[in-house]
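Subject: Structure handover

Hello,

Here is the structure we talked about. Please open it beside this message; my notes follow below.

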Amino acid sequence: MSDIATDNGGWPLFEVFIRSKQGLSHVHAGSLHAADAKMAIENARDVYTRRNEGTSIWVVPSEAISASAPEDKGALFDPADSKIYRHPTFYTVPDDVECL
Amino acid sequence: MSKVDALFETCLRLGDTALVMGQRLAEWSSKAPTVELDIALSNHALDMIGQAQLFLGYAGRVEGKGRDEEALAYHRQDFEFRNAMIAELPKGDFAFTVVRQFLFASFAEAFYERMLASTDADLAAIAGKAEKEMAYHMRHCGEWVVRLGDGTEESHQRAQAALDELWPYVHELFTTDDVDQAMIEKGILPDASTLKEEWLAHVKAVMARATLSLPEDDWMPSGGRTGQHTEHLAYLLAEMQVLPRTYPDAKW
Amino acid sequence: MVHEAGSSDEMRERFDAWVAAENKVEPQDWMPEGYRKTLVRQISQHAHSEIIGMQPEGNWITRAPSLRRKAILLAKVQDEAGHGLYLYSAAETLNVSRDQMEADLMSGKAKYSSIFNYPTLTWADVGAIGWLVDGAAIVNQIPLCRCSYGPYARAMIRVCKEESFHQRQGFELMMALSQGTAEQKAMAQDALNRWWWPAVQMFGPPDNDSPHSAQNMAWKIKRFSNDDLRQKFIDMTVKQAQALDLEIPDPDLKYNEETGHWEIGEIDWDEFWAVVKGHGPASRQRMANKRNAHADGAWVREAAVAFAQKERARAQKAAA
């Protein structure tokens, strides 16, 4: 990814995250090129929020993102499958007890 | 001049300046240095055209002769246009465009901020929208002025040349005449002449970051606001108005 | 997803099964080189079409006949620039840089939709493009929202959502002309005459003349055949032309009661291939505009890089 990140005439690639509404998380919207972070935010505003899609923007240089490797998916995520005690439906409680 | 005439004239001045600025910005479509900047300049153009629609629409209602914003935009001649001349200068290179937009927006932002308190409810409402847009243009174009000024030798030279060429035309923005005075006295319009010091301080700070030098005040052309324009406006209007003038009965 | 394990045949088999089961492929997943190459070609071609497609309509922005139309047109052309960017980002996830894609466009190596090589001679052409070209594009693009490649599918969802207004504004513009003065109506009919066949050709050569179709369908990069999509467009558009009281310029156009479809006359594929090869009436002009804008903007892009470097150096010095 690093050779791409410094491309486009030296304008690196940024990943854009947009908070669409107060109270929601920032969600990945896409990527864009900019010479610096300030420009990346302004470009993100024009490219990804032309229809009022945002209340807040994060931009992160793409090369700063570390991703889990696809082949690790089993090792990283399968163990959670067996920890069903993390979900409320795992527990049996009497029907007539309220507020549980 | 009656109050109605003065208010009509005022709305034309505000609306025409916005319209001509918007038309010049719109010339950048498909020609900007990057696709991202193409989108940004179109956004600026859309803001200016939106302001023009509001000001000219209100002008038509004030006049009361059945002309709407379209009639006023498309069926007046160059000497009937009331825009400040800085707006009509040809689009030039990217440096010229962002320096102009920065200088104008820095003025307009301060002006519309005062106009929020206008005794005229319609103008106060338009100012509410326009002020936010101008604040963004000022910031966005200001950042570009700094990047170009403090970028490469070429970009520095181009930005300085743009500033030198534009500087004489900024003074007209701060002039006031009888029309303005009548509006200022009634609390309808802010007094542009009182904004210059604040504007200059802001412009100086940005130009210092951009390592650009402020030109000397020397030649100060004005006249656009009373219909005395440069040679450029008639060409701009000939292009803009060609269809409604060729087909006067048509609706689009 | 398909892991990089086993022989290439095994991986290929697992990949095909994964895609056949309507799963998505993501950038880091293993994929056959042919799949990657096809996607790069298709997505970048699509992005280039959005970017070059700004020009024919952009030609009328400064001459739009009302402020309302000017704002609509500016916003629409601006959307096309945005869509080009969404698509360039999607292609970049396949390890091809935007610089490279743009260089390929400007050298003539990469193609874009031929329809943008026709000139916009009157204001009605702006309406015809919105109505016909965007109409055809939507028919083409909606299935791509379910494309097997995740980033492309997601970009297309965004594009389709935003494009719904494009076709409507084009139709509305044509309606205003066809219900307007005699001169306006003639302008609308003339535009339909010139844009109809290029729009029909937008779906590409007939299925029996489209060598990669079967593989692309299996990979779910393409979801319907060229001819099926073309037929869908024709059925939809003939009715719309009737509503506009305009005539489709095809003496052989007829309704087939049995199939329930409109049948058109012979498509001039020689013209299509000539335009694809760069011999369209405005091909050279479109490329020249793109190259000039790029060359004229070089000093701006360089300045931004130089400034960013200075800022970083200043920040490092301040931190030291």
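Start inside chain C, with α7(C) and α10(C). From α7(C), the residues in contact are C:Gln167, C:Phe171, C:Met174, C:Met175 and C:Ser178. Their partners in α10(C) are C:Met236, C:Gln240, C:Ala243 and C:Leu244. By class, this contact has six nonpolar residues, three polar and no charged. The two axes lie 10 Å apart, and α7(C) packs on α10(C) at an angle of about 35 degrees. Bear in mind throughout that this is a predicted model.

Helix α10(C) also packs against α8(C). Here α8 covers residues 182–201 of chain C, and α10 covers residues 226–244. Their axes come within 9 Å and cross at roughly 150 degrees. Angles over 145 degrees count as roughly antiparallel, so α8(C) and α10(C) are roughly antiparallel to each other. On the α8(C) side, C:Trp196, C:Ala199, C:Val200 and C:Gln201 make the contact. On the α10(C) side, C:Arg230, C:Phe233, C:Ile234 and C:Thr237 do so. Five residues of this contact are nonpolar, two are polar and one is charged.

Next, the interface of chain C with chain B.

- Chain C puts 43 residues into the contact, and chain B puts in 48.
- The buried area is about 3,800 Å², with 68% of it on carbon and sulfur atoms.
- There are three salt bridges between chain C and chain B. One of the pairs linked in this way is C:Arg314 with B:Asp150, with 2.8 Å between the closest N and O atoms.
- Polar contacts join 16 residue pairs, counting pairs with both residues at pLDDT 80 or more.

Which elements of chain C give two or more residues to the side that touches chain B? They are α3 (54–58), α4 (67–92), α5 (98–107), α7 (150–178), α8 and α13 (298–319). Of these, α4(C) gives the most, with twelve residues. The side of chain C that touches chain B divides into 24 nonpolar, eight polar and eleven charged residues. Note that α7 and α8 appear on this list. α7(C) is also a partner of α10(C) inside the chain, and so too is α8(C).

Last, the interface of chain B with chain A.

- Twelve residues come from chain B and eleven from chain A.
- About 1,200 Å² is buried between chain B and chain A, and carbon and sulfur atoms give 51% of that area.
- B:Glu36, B:Tyr136 and B:Arg147 supply 44% of what chain B buries against chain A, more than any other three residues.
- Three salt bridges are counted between chain B and chain A. A:Lys38 and B:Glu143 meet through their side chains in a salt bridge, at 3.4 Å from N to O.
- Three residue pairs are in polar contact across this interface, both residues being at pLDDT 80 or more.

Where does the chain B side come from? Two elements give two or more residues to the side that touches chain A: α2 (35–63) and α5 (121–149) of chain B. The most comes from α5(B), with six residues. By class, this side of chain B has four nonpolar, three polar and five charged residues.

To find your way around, I would look at α10(C) with its partners α7(C) and α8(C). Then turn to the salt bridge of C:Arg314 with B:Asp150, and the one of A:Lys38 with B:Glu143.

Best wishes

Conventions
Residues numbered from 1 in each chain as written. Chains lettered and ligands numbered in written order. Predicted model: local features only at pLDDT ≥ 70, side-chain atom pairs only at ≥ 80, totals over all residues. Heavy atoms only, no water. Contact = heavy atoms within 4.5 Å. Buried area = accessible area lost by both parts, 1.4 Å probe. Salt bridge = Lys/Arg side-chain N within 4 Å of Asp/Glu carboxyl O. Polar contact = N/O pair within 3.5 Å; in protein donor to acceptor, adjacent residues only side chain to side chain. Helix = DSSP H or I, 4+ residues; strand = E, 2+ residues; numbered from the N terminus. Nonpolar A, V, L, I, M, F, W, Y, C, P; charged D, E, K, R; others polar. Axes fitted to C-alpha atoms, helices over the stretch in contact; angles between N-to-C directions. Parallel < 35°, antiparallel > 145°, perpendicular 65-115°, else oblique.
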